[in-house]
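Trainee: Could you take one part of this model and go through it closely with me? I'd like to see how the strands are put together and what sits around them.

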Amino acid sequence: MAEMNENNIEEMIDETVDTAVSDTTTEAAADAVEAIGDKIEDAVEEAAEEKKDVAPVSSNIKQGGDNEPHWYVVHTYSGYENKVKADIEKTIENRRLQEQMFEVMVPVQDVVEVKNGARKTVPKKMFPGYVLVHMIKNDVTWYVVRNTRGVTGFVGPGSEPVPLTDAEMRLLGVKTDDFVIDVAVGDSVKVISGAWEGTVGTIKQINTGKQSVTIDMDIFGRSTDVEIGLGDILKL
């Protein structure tokens, strides 16, 4: 049985996108999204079958990563999606992991329901049983997600987290375009918009995941660290 990997998933997504593009109706788009969810489910089941006779992966094994943030798919018990999202966000705040874990999302789409003759637009989960997490994969972040109540594992071969591609995220309506980072720690920059517009400071830290920099500014005669978005600064 074919092993599930990034290429397999990307091929599934491409096939579904081609189908949706050929018919631009709302129903076709909804069917396309549903098909993606079904195919991910099938791929996970196939991967599980392949791993039946293989020794389970120990949770003590080091989680390798490239120190760059990616989106990962997390499988949850049905109906636990929002609770898992809230619990992970609470853990991020309590453990101050904002530099490693950036966003948790339950993808939804607006659908029109007709009840008692009245039409009503309501949000509906695009992929029931799944939550998306934008994070840098390492031992800490893997442990936080994997040990959140209601989580059954990451989507990937042998539950090894496999990041989604930009094409897959765009299909879900998530922007993945990044600013070109042409500054470095120690550079002098000027804030060109926002509350600190016109202020000059020195970059102390760059956060690629949050698309921001921490600048050392002189405010009222005191050195103060301020976080500014990359789109709001100009290199001097």
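**A close look at the second sheet**

Mentor: Let's start where strand 7 and strand 11 come together: they pair in the antiparallel sense, over 3 bridges. Pairing here takes at least two bridges found by DSSP between two strands. The strands (E, at least two residues) and helices (H or I, at least four) are DSSP runs, numbered from the N terminus. Before going on, keep in mind that this is a predicted model, where local features need pLDDT of at least 70 and side-chain atom pairs count only at pLDDT 80 or more, while totals for chains, interfaces and linings use all residues. Residues are numbered from 1 along each chain as its sequence is written, and side-chain values use heavy atoms, leaving out hydrogens and water.

Within that pairing, Val189 faces Lys235 of strand 11. Now zoom out a bit: the open sheet has 5 strands in the order 10-9-8-7-11, with antiparallel pairing. Its edges are strand 10 (222-229) and strand 11 (233-235), each pairing on one side only. From one strand to the next the twist averages 45°, with axes fitted to C-alpha atoms (for helices, over the stretch in contact) and angles running from 0 to 180 degrees between N-to-C directions.

Over at the strand 10 edge, strand 9 (residues 212-219) pairs with strand 10 through 8 bridges, again antiparallel. Val213 stands opposite Ile228 there. The two strands make a hairpin with 2 residues between them, and Phe220 in the turn has a positive phi of about 55°.

Back to strand 7 (188-191), and to what comes just ahead of it: Asp187 sits in the loop between helix 5 (166-171) and strand 7. Asp187 counts as buried because its relative accessibility is 19%, with buried meaning under 20% relative accessible area, exposed over 50% and partly exposed in between (1.4 Å probe, protein chains only). A polar atom of the Asp187 side chain lies 2.7 Å from the backbone nitrogen of Ala184. For a polar contact you need N or O atoms within 3.5 Å; within protein, one must be able to donate a hydrogen and the other to accept it, and sequence-adjacent residues count only if both atoms are side-chain atoms. Leaving aside residues up to four places away in sequence, Asp187 touches Gly201, Thr202, Ile203 and Lys235, contact being heavy atoms within 4.5 Å. So you meet Lys235 twice, because Asp187 touches Lys235 and Val189 stands opposite Lys235.

For a side-by-side view, look at the other sheet. It's open too, with 4 strands in the order 2-5-1-6 and antiparallel pairing. Strand 2 (101-105) and strand 6 (151-154) are its edges, each pairing on one side only. Its twist averages 25° from one strand to the next. Strand 1 (residues 69-76) meets strand 6 through 3 bridges, with His75 opposite Gly153.

Two helices lie across strand 1, strand 2, strand 5 (130-136) and strand 6: helix 3 (residues 81-94), at about 165° to strand 2, and helix 4 (residues 139-146), at about 145° to strand 6.
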